[in-house]
Amino acid sequence: MPSIFDFKQAFNGGTRENRYIISGKFPQNIGEAISHFHVTATQIPTVSTLVMEYNYFGRKSYYPGEKQYGSWSIRIVDDVNDGTGNTRDMWKKFSDWQNLINSHTTNISSPQNSYKMDNWKVQQLDLNGETPIKEFGLIGCWPKTIEPIVFNMANPNTLNQFAVVLIYDQITLSSGKSSITKITPINQT
């Protein structure tokens, strides 16, 4: 029978919820790629297979159906400056992206290839935050919902945050990536 010592020897520390990096690119007319911004929470979206059910002589038989992807949400700190004097208003970037999909003023939609992006990804990092252990790439993603920024005078020591819900066509999964997505340091010299 295994002992607690055997368990400890086989356990390598696990993974941590707070070890991840998100990167992505906005549509061309909205701005440059953002390889670092402050995301306080996210998750790996749900991927499920729908079930087809058939009745046969009083018995049920189940077969796999279509693949279904859940939405992906991220919670972002409302930070409008990147520390070098460059404006990086993430709420505006996501709003401009959503406006590209369907204009607020003209109610005209853009072609899909101009607003669906294939390069948003989440990299889950190892225990030391140095090496990606899993990478989740979203193909054909676009913002479905941009949640409000809440203002409240009763919360003086709180950072404003907002959530964005993205929809996507497909997810790619890989593990054991060799390098972390490049992050430009905030204080470059």
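**Exercises on two open sheets**

In strand 9, the residue that forms the bridge partner of Trp 142 is Ile 167, and the exercises below start from this pair. The model is predicted, so that local features need pLDDT of at least 70 and side-chain atom pairs count only at pLDDT 80 or more, while totals for chains, interfaces and linings use all residues. Residues are numbered from 1 along each chain as its sequence is written, and side-chain values use heavy atoms, with hydrogens and water left out.

**Exercise 1.** Determine which strands stand at the edges of the sheet with the order 2-5-9-8.

*Solution.* Begin with the terms: strands (E, at least two residues) and helices (H or I, at least four) are DSSP runs numbered from the N terminus, and two strands pair if DSSP finds at least two bridges between them. Next, note that this open sheet of 4 strands has antiparallel pairing. Strand 2 (39-42) and strand 8 (142-146) each have a single partner strand, so one side of each is left without a neighbour in the sheet. Finally, strand 8 pairs with strand 9 (residues 161-167) over 4 bridges in the antiparallel sense.

**Exercise 2.** Find the edge strands of the sheet with the order 1-6-7-10, and one facing pair of residues in it.

*Solution.* This open sheet also consists of 4 strands with antiparallel pairing, and its edge strands, strand 1 (20-23) and strand 10 (170-175), each pair on one side only. Strand 7 (residues 132-139) is joined to strand 10 by 6 bridges in the antiparallel sense, and Gly 137 stands opposite Thr 172 in strand 10.
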